[in-house]
Amino acid sequence: FMYSPRGITVNNYPETDNFGYIYVSNAVAKTSTQTKGIFVYDNTLQLINTSGNGYKSADWSTGDAAGGETNNALATPYRVCVGEDGNVYVSCTYETGEGVWLMDCSTVTPTFSQIITTNLYGIWVKGTGASKVLYGINGSSLNMEQYAFGNTIPYTGSVSNKYTKAQ
């Protein structure tokens, strides 16, 4: 049911509800029954979303019904990480819906909120509450950027720090 997996992460924080859960991002839908999105496995490696479809934001839906890679270029879930707060963060590439999304796993069907609209390839979130910081590789400049977003979603501030690539 996954045609193009792009990222995998494990919740390594024992104090959170979904400790041991595995999250895999699938970037391309092959058919209408093989959607892109986030596939979730519990700590016994059982698939949580048993429909065979990935959990996703509505902004990622373009192309799922049509199938085929050429119809799936918009809003593609790329990399995924679990923050110290137990939340799942997903970077999305391409045009519509690009940026970093928060996947709220506190409900049976997760909801998604966009944190920033910058195209970031790899991501990592450190800290909890007001001290949360997002690190990511900018998809255009290839610089590593830091966003001190805390509890502000969506985050409309600027880059906190930028680390330029070696020349």
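Which residue forms a salt bridge with Lys132, and how far apart are the closest N and O atoms? In this predicted model, the partner is Asp85, and the closest N and O atoms of the pair lie 3.2 Å apart. The points below cover this contact and an open sheet of 4 strands.

**Salt bridge**

- The count of salt bridges comes to 1, formed by Asp85 and Lys132.
- The pair links distant parts of the chain, with the two positions 47 residues apart in numbering. Asp85 belongs to the loop between β4 and β5, whereas Lys132 belongs to the loop between β8 (120–126) and β9 (133–138).
- Lys132 has a relative accessibility of 6% and therefore counts as buried, the cut-off being under 20%.
- Asp85 has a relative accessible area of 23% and is therefore partly exposed.
- In general, side chains of opposite charge can pair when their charged atoms come close.

**Sheet architecture**

- The strands of the open sheet follow the order β4-β5-β6-β7, and their pairing is antiparallel.
- β4 (76–82) and β7 (111–116) stand at the edges; each has a single partner strand, so one side of each is left without a neighbour in the sheet.
- From one strand to the next, the twist averages 30 degrees.
- As a general principle, strands of a sheet pair through backbone hydrogen bonds, in either a parallel or an antiparallel manner.

**Pairing of β5 and β6**

- Strand β5 (residues 88–93) and strand β6 (residues 99–104) run antiparallel and are joined by 5 bridges.
- Val90 stands opposite Trp101 in β6.

Conventions
Residues numbered from 1 in each chain as written. Predicted model: local features only at pLDDT ≥ 70, side-chain atom pairs only at ≥ 80, totals over all residues. Heavy atoms only, no water. Pairing = 2+ DSSP bridges. Axes fitted to C-alpha atoms, helices over the stretch in contact; angles between N-to-C directions. Salt bridge = Lys/Arg side-chain N within 4 Å of Asp/Glu carboxyl O. Buried < 20%, exposed > 50% of the residue type's maximum accessible area, 1.4 Å probe, protein only.
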